[in-house]
Amino acid sequence: MTTSGERLLEIEGLQKSYGERLVLRGIDLQVSKGEVIVILGPSGCGKSTLLRCLNGLEPVQGGKISYHGQDLAGPGVDWREVRQRIGMVFQNYELFPHMTVLGNILLGPLKVQKREPQEARRQAEQLLERVGLLERKDAYPRQLSGGQKQRIAIVRALCMNPEIMLFDEVTASLDPEMVREVLDVILGLAEQGMTMIIVTHEMGFARSVGDRIVFMDEGSICEIAEPQQFFTEPATERAQHFLDIFQY
Amino acid sequence: MNLDWKFIEDSLPLYGDAMWLTLKLAFWAIIFSSMVGLIFSVILYYKVRGLSLLIQAYIELSRNTPLLVQLFFLYYGLPKIGLHMSEVTCAIVGLTFLGGSYMTEAFRGGMEAVSRTQVELGLSIGLSRTQLARYVILPQAFAISIPSLGANVIFLLKETSVVGAIALMDLMNVAKDLIGMHYKTAESLLLLVAAYLILVLPLSVVLGWLERKVRYAEFGD
């Protein structure tokens with residue numbers, strides 16, 4: 001995958017704690033435009049928390065997150081504006097249950113971005129077509145499978161035209177046969193050059209989609225490496241141990 | 001049992017007028033209670049400091065005192081400090097004072113049943129707090145709480161039956177009067193039950209229809 005090298009996001013010494021417990025102990029990470037970062041690590045290592053900090057869902061206690069000249073870790077961030085440019089997809093494939101598929105997708109573009117309805121609708125339909133769900137545009141979430149809902153959740157985030165997409169274990173709650181259809185959508189985005197930070201437990205997927213693998217443990221980054229390097233010769237013992245668990 | 005049909009026929013206009021009054025009181029009480037409930041539940045949900053405490057005190061006071069006592073207070077108590085209201089206003093204020101707390105609790109229960117992840121979803125697409133309430137929380141809360149809202153509506157309509165205590169000629173009071181004056185107990189009570197059923201049954205049907213409509217998106221048929 002090619003990256004233009006332009007730095008989009010620079011995280012420096014990011015700290016986050018819940019009360020006394022430090023869950024992010026000084027994270028340093030740079031993300032370039034078009035880059036796909038995959039974060040791996042045992043549960044409780046802080047990888048989901050890191051994503052949530054980047055979307056303003058968790059307040060942070062220290063460090064810097066530079067994004068277009070502003071510090072997202074500092075005070076006075078206009079998160080409403082930032083969230084339109086940093087989209088997020090969650091683990092529990094939730095849609096707004098009282099709205100149709102199109103209603104879900106268009107809520108942000110129409111109410112937050114105040115876009116022209118016809119133009120936004122056209123984009124929503126194009127995106128739905130791309131994930132193979134155009135004919136479900138008037139369905140309600142209860143009529144959809146988990147995999148379909150998660151693809152629509154991705155479209156909902158994409159329809160805001162974000163610059164960066166954050167994926168927080170988006171296949172972890174899905175039935176195995178639905179994992180593929182969701183991962184394919186994300187692979188498609190990678191091919192189009194979308195900048196993404198992906199937290200996942202799908203090792204094969206991580207290897208094929210990631211430009212860099214970030215391995216975290218106990219609130220710190222232990223290792224950053226190219227996928228080939230990471231999966232064949234991890235530099236740290238903890239990464240090796242983590243990978244061993246995934247081999248029977 | 002022989003019913004005095006002549007008496008029934010002669011009493012119909014009295015019951016008709018009383019039905020109107022009962023309906024009018026219930027209508028305004030339901031409208032105002034719902035408005036109070038909507039506003040107060042949003043304040044409680046967002047835990048607005050100071051106001052939340054006041055509203056909680058109001059809820060306790062409203063739910064733990066009988067409507068009759070509340071009406072006496074409004075009708076006989078307030079004039080002592082120079083606040084006079086007509087009987088109809090008193091009844092509507094009293095019913096709203098009672099119904100407001102029930103509506104608040106019904107809405108609040110619904111809002112709190114909307115999951116934290118729904119809130120985060122809304123935030124993650126850039127909705128403001130007001131938009132979050134307007135487009136995400138309240139519509140879902142409404143669908144969840146509509147059965148208890150409906151129960152409150154019928155409850156309020158039936159609670160109008162105590163306004164006779166402040167000299168209003170509602171259905172209950174008319175029936176009591178007729179029994180007292182003519183000893184036509186069976187006829188008067190029959191008309192009373194019929195009148196309440198005529199008011200409440202269509203309301204139940206409308207509420208049932210509304211419930212199906214509002215809940216269709218989330219829960220299907």
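## Lining of the largest cavity

The largest share of the lining of the largest cavity, four residues, is supplied by α5(A), in a model that is predicted. Two or more lining residues come from each of β6 (86-89) and α5 (146-158) of chain A, and likewise from α5 (116-124) of chain B.

On the chain A side, the lining residues are A:Met88, A:Val89, A:Phe90, A:Tyr93, A:Glu94, A:Gln150, A:Ala153, A:Arg156 and A:Ala157, while chain B contributes B:Leu121, B:Ser124 and B:Ile125. Sorted by class, this lining holds eight nonpolar residues, two polar and two charged. The volume that these residues enclose is about 70 Å³.

## The second largest cavity

For the second largest cavity, the computed space is about 40 Å³, and its lining again draws on both chains, with A:Arg83, A:Gln84, A:Gly87, A:Met88, A:Ala157, A:Met160 and A:Pro162 from chain A and B:Ser124 and B:Ile125 from chain B. Within chain A, α2 (79-85) and β6 each give at least two residues to this lining, which by class divides into five nonpolar residues, three polar and one charged.

A:Met88, A:Ala157, B:Ser124 and B:Ile125 appear in the linings of both cavities.

## Count of cavities

With a cut-off of 30 Å³ or more, the count of cavities in the predicted model comes to three. Among them are the cavity of about 70 Å³ and the one of about 40 Å³ described above.

Technical notes: Residues are numbered from 1 along each chain as its sequence is written. Chains are lettered from A and ligands numbered from 1 in the order in which they are written. This is a predicted model: local features need pLDDT of at least 70, side-chain atom pairs count only at pLDDT 80 or more; totals for chains, interfaces and linings use all residues. Side-chain values use heavy atoms; hydrogens and water are left out. On a 1 Å grid over the protein atoms alone, a cavity is a set of points where a 1.4 Å probe fits but cannot get out, and a pocket is an open set with protein on both sides within 12 Å along at least five of seven lines; lining residues have an atom within 4 Å of a point. Grid points are joined across faces, edges and corners, and a volume is the space filled by probe spheres set on the points. Ala, Val, Leu, Ile, Met, Phe, Trp, Tyr, Cys and Pro count as nonpolar, Asp, Glu, Lys and Arg as charged, and the others, Gly among them, as polar.
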